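Let's take a walk through this one, from the overall fold down to single side chains. Have the viewer open and follow along.

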There are 2 protein chains.
Amino acid sequence: MAPTTNTATVTSRASPAEAPIKRPKKYRHIAAVHSVPKASCLSHDSDAAPSFLGFRNLMVIVLIVGNLRLMLENFKKYGVLICVRCHDYRRLDVMLGIALYLIIPCHLFVAYIVELAAAQQARKSLRGPGKSRDGTTTPGGSYVPTDEELKKFYSTWILIAWIHGINATLCLSITSFVVYFYIHHPLIGTMSEIHAIIVWLKTSSYAWTNRDLRHAYLHPSSREEDAVPEIYNQCPYPQNITLGNLTYFWWAPTLVYQPVYPRTPKIRWIFVAKRMAEVFGLNAFMWIASAQYAAPVLRNSLDKIASLDFPSILERLMKLSTISLVIWLAGFFAFFQSFLNALAEVMRFGDREFYADWWNSPSVGVYWRTWNKPVYQYMKRHIFSPLIGRGWSAFTASIMVFIFSGVLHELLVGVPTHNIIGVAFIGMVAQLPLIAMTTPLENIKSINGKVVGNCIFWISFTLIGQPLAALCYFFAWQAKYGTVSATLKAAGRTS
Amino acid sequence: MAPTTNTATVTSRASPAEAPIKRPKKYRHIAAVHSVPKASCLSHDSDAAPSFLGFRNLMVIVLIVGNLRLMLENFKKYGVLICVRCHDYRRLDVMLGIALYLIIPCHLFVAYIVELAAAQQARKSLRGPGKSRDGTTTPGGSYVPTDEELKKFYSTWILIAWIHGINATLCLSITSFVVYFYIHHPLIGTMSEIHAIIVWLKTSSYAWTNRDLRHAYLHPSSREEDAVPEIYNQCPYPQNITLGNLTYFWWAPTLVYQPVYPRTPKIRWIFVAKRMAEVFGLNAFMWIASAQYAAPVLRNSLDKIASLDFPSILERLMKLSTISLVIWLAGFFAFFQSFLNALAEVMRFGDREFYADWWNSPSVGVYWRTWNKPVYQYMKRHIFSPLIGRGWSAFTASIMVFIFSGVLHELLVGVPTHNIIGVAFIGMVAQLPLIAMTTPLENIKSINGKVVGNCIFWISFTLIGQPLAALCYFFAWQAKYGTVSATLKAAGRTS
């Protein structure tokens, strides 16, 4: 059972330290194998815990083997389910999708026209010959506006805000209406809806940022904390209200408007090509995984949900969790790493921090702050911080953020699936108690607290969040259009 | 989507360094979120690779969930398969098992009697009045025996060796004969066989060690490398040839005889109780795992093996690999950590190094040198080193060790299952090319070489070694006694 092919052990027996000349030992069977007391390395008596790196390797192997086996089982049961020609995109869906794709960005340009008018009016009010400035100038050179001037600024802003509000709301409501009532295919619907939400967020960020910049332009302040960020000095208000500046913001991989962004010196086209290859590869992978592995699990769970067979639902949920996790991870990487980096490279956009290491999150709160930086930055800059500035507590401001986020999620999932059942909304709002529960774990010094928090995050996200939501919307979809609907109707007829 | 419940972020905005008094910012929507170029943390552009500790936690969770799901599936398919009263130990099996349990250690006492006679003869030849010593004494005081004296020693040894050989061989062959022909139940058979092999190894170690000690006693040498280990001075030959000394060796958790072992000062009975509780708990676990999970997989694979349906055999092998691995790990811990530590504590045996961290093995060779230290120590001291001393190369000595080990493995598995089909023997000998293949990986400095070696070890051990061997012997057993036999006979009748 136990050899020593390693010749080092053999030669060491006759090493120079022991005997100057290599002479074989006379007595070969008397070596004292047990000469000193030693503890087993897994015992508590042992001085140091051994490394368990080998078990990590084993886990990876067992995971791969276990899933290869499930793939083999799936193939034996269903054969190849992937079919390129089987997708039936209705002609109307495609036409409406293209129309929405072209219409949605127009709202951003409407916002531009509004801001252009406001900027011209501001420029006039500051430099126009018919206007005199009634405020006082402090010894430091800072201008303190009068109450009247401020009142006037805000009354103008209210008009602008109404126009922006109507414009942005129209963008989102037209898309949602068309998708909900006319676009059957959920993929086209989701793409249109996500596009509308992005443009809606960009429009509002554009409006708010320019409101504050205009105010700072009209009423300069010497207070250090009111200073416009240094990076904006390259393009001060109102020079930023140009079509080129807006077009850059339209395509830039961010939801937060800034007149100036950090830029990279040149476009590395090979980098772009690599990232786009990743996008295509991962999308193909996600498509295969959905069609071959997720779809059968979802289909097989329909009758279990219809009959409320809870052990079977749990079993389906567990089977679904791995595949939904894999698809989600692939989707995360494809979008946040590959696609956004490719887009940023083409746009020479410098800040590539689209995510941080959310997979190590010691709490649910850290996860929401790190996995999707563009949305986090939008929420923090335009919802959370302004509410804090108005005197709200961090807790109530967080509630607002999650309610707002819940509405957006429900729009994103409920509208394209034609089932506004509130699961996505509740899923988002349910994060608040989870965050409150796991935040204390962030501050625990020992590694165990972090591991516990990380596990709670993974379980709530991998096992309950993703697959349960997918199951709910799939069931609702099937109940409206698919086989469950037919079964339920048939059951109703017979009973 | 992204809140900041953490109040630290809020207060930091008004930290002393930025502003001495906490004043809200006037412009809340203009913060420069993107102020410096940054790389995505998974990009190659990033300075440092992020930690992936979270993914390790995820792997553990996915493994647990995946296997809980399989347990749920298993329960829904088979119900509870565990049955305490279903075991039918034949009366004859139990009687023969008890008889063998009592007879086997007798061979150790026969060896004792032989050694007692040899020791008395040696004592007489050294101190007896009728004997004179013809050798010369060197200036250093060392005695150099004459050729005649040496010849006489070896001729006596040949007689002793024959008696020991016959005694030990009888021990193993009687047990093997009884188990193969009369004990049907494989568990009782395996226990008896393993007992016989242990006593056989202990007997041979006792004989060889005492042969060398006697030689050193009769012909003291001044050569440093021929010195008897220091620890033996507490009980020099022939004082060690006592019934008490042998009884200690009989029960000590080692296969290697030493007159003296390192000892612990006292028995910690709480330690013993904890270890024995582990042994019982793990045995119950292994029994449940075998009956509920391994048995159905083995049964379901019978017709696939009979019809040589290779994709299905592969699928079964993969399903079996996880459960056989879990049972093996539990068995390893139960025996090498819990049982041997409990036994060592009761025996106040000091050297508890029954295994090292074999799970980190960077090569197959390291695994065989570390997982089972008692057998490794036996093989190294009584087979490998003596062969090297006779001038064999390390490579040929290793081949001998593995051939010997293969024979023992085949006895251990083939005899109780009544199928000496050679799979265990071939499995052991096949380790040699694997070791040769993976030994170069030990010396690679980078961590990747070690990981590759570790993965090769785990795959060959977990996926191919354990489950394939289990499948082979189970199939052979069933072909001889079980359902396959009936099916094959029926098929033969119809064709």
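Start with how chain A is wired: among its contacts (heavy atoms within 4.5 Å) between residues at least 6 apart in sequence, 75% join residues at least 24 apart. Chain A has 16 helices and two strands, where helices (H or I, at least four residues) and strands (E, at least two) are DSSP runs numbered from the N terminus. Of the 495 residues in chain A, 49% are buried. Here buried means under 20% relative accessible area, exposed means over 50%, and partly exposed is in between, with a 1.4 Å probe and protein chains only.

Some bookkeeping before going on. This is a predicted model, so local features need pLDDT of at least 70 and side-chain atom pairs count only at pLDDT 80 or more, while totals for chains, interfaces and linings use all residues. Residues are numbered from 1 along each chain as its sequence is written, chains are lettered from A and ligands numbered from 1 in the order in which they are written, and side-chain values use heavy atoms, with hydrogens and water left out.

How far can you trust it? The predictor's per-residue confidence is pLDDT, which runs from 0 to 100, and chain A averages 84, with 88% of the residues scoring at least 70. Among the elements of chain A, helix 7 (residues 243–251) has the highest mean pLDDT, 94, and helix 1 (residues 7–12) the lowest, 37. Over residues 1–22 of chain A, pLDDT stays under 50, and the model has 48 contacts beyond four places in sequence for that stretch. Where pLDDT is low, the predicted coordinates should not be read in detail. For the complex, the predictor gives an ipTM of 0.78 and a pTM of 0.77.

Now bring in the second copy. Chain B can be laid on chain A with an RMSD of 0.1 Å, by a turn of 180° and a shift of 0.0 Å along the axis; the superposition is by least squares on the C-alpha atoms of residues with pLDDT of at least 70 in both. That is the relation of a two-fold axis. Both copies use the same surface, with 100% of the contact residues of chain B recurring in chain A.

Next, look at the outside. Chain A exposes about 24200 Å², and carbon and sulfur atoms supply 69% of it; the areas come from the Shrake-Rupley method with a 1.4 Å probe, and for residues only the protein chains shown count as cover. Helix 3 (91–103) and helix 6 (186–218) of chain A each supply at least two residues of a nonpolar patch, and helix 3 gives the most, with four. One of the patch residues is A:Ile98, which sits in helix 3 and is partly exposed at 47% relative accessible area. Patches are made of residues with over 30% relative accessible area and no salt bridge, with like charges joined within 9 Å and nonpolar side chains (Val, Leu, Ile, Met, Phe, Trp, Tyr) within 5 Å.

The backbone has a few spots to check. A cis peptide bond, omega about 0°, joins A:Tyr237 and A:Pro238, and A:Pro238 is in the loop between helix 6 and helix 7 of chain A. A:His418 has a positive phi of about 60° although it is not a glycine, and this residue is buried, at 3% relative accessible area.

Finally, the charges. Side chains of opposite charge can pair when their charged atoms come close. With a salt bridge taken as a side-chain nitrogen of Lys or Arg within 4 Å of a carboxyl oxygen of Asp or Glu, the count comes to 26 over all chains. In one of them, B:Arg214 pairs with B:Glu115, the closest N and O atoms being 2.9 Å apart. B:Arg214 lies in helix 6 of chain B and B:Glu115 in helix 4 (residues 106–127), so the pair ties together parts that are 99 residues apart in sequence. B:Arg214 is buried at 3% relative accessibility, and B:Glu115 is buried at 0%.

Another salt bridge joins B:Glu345 and B:Arg268 (3.1 Å, N to O). B:Glu345 is in helix 9 of chain B and B:Arg268 in the loop between helix 7 and helix 8, so this pair ties together parts 77 residues apart in sequence. B:Glu345 is buried, at 1%, whereas B:Arg268 is partly exposed, at 31%.
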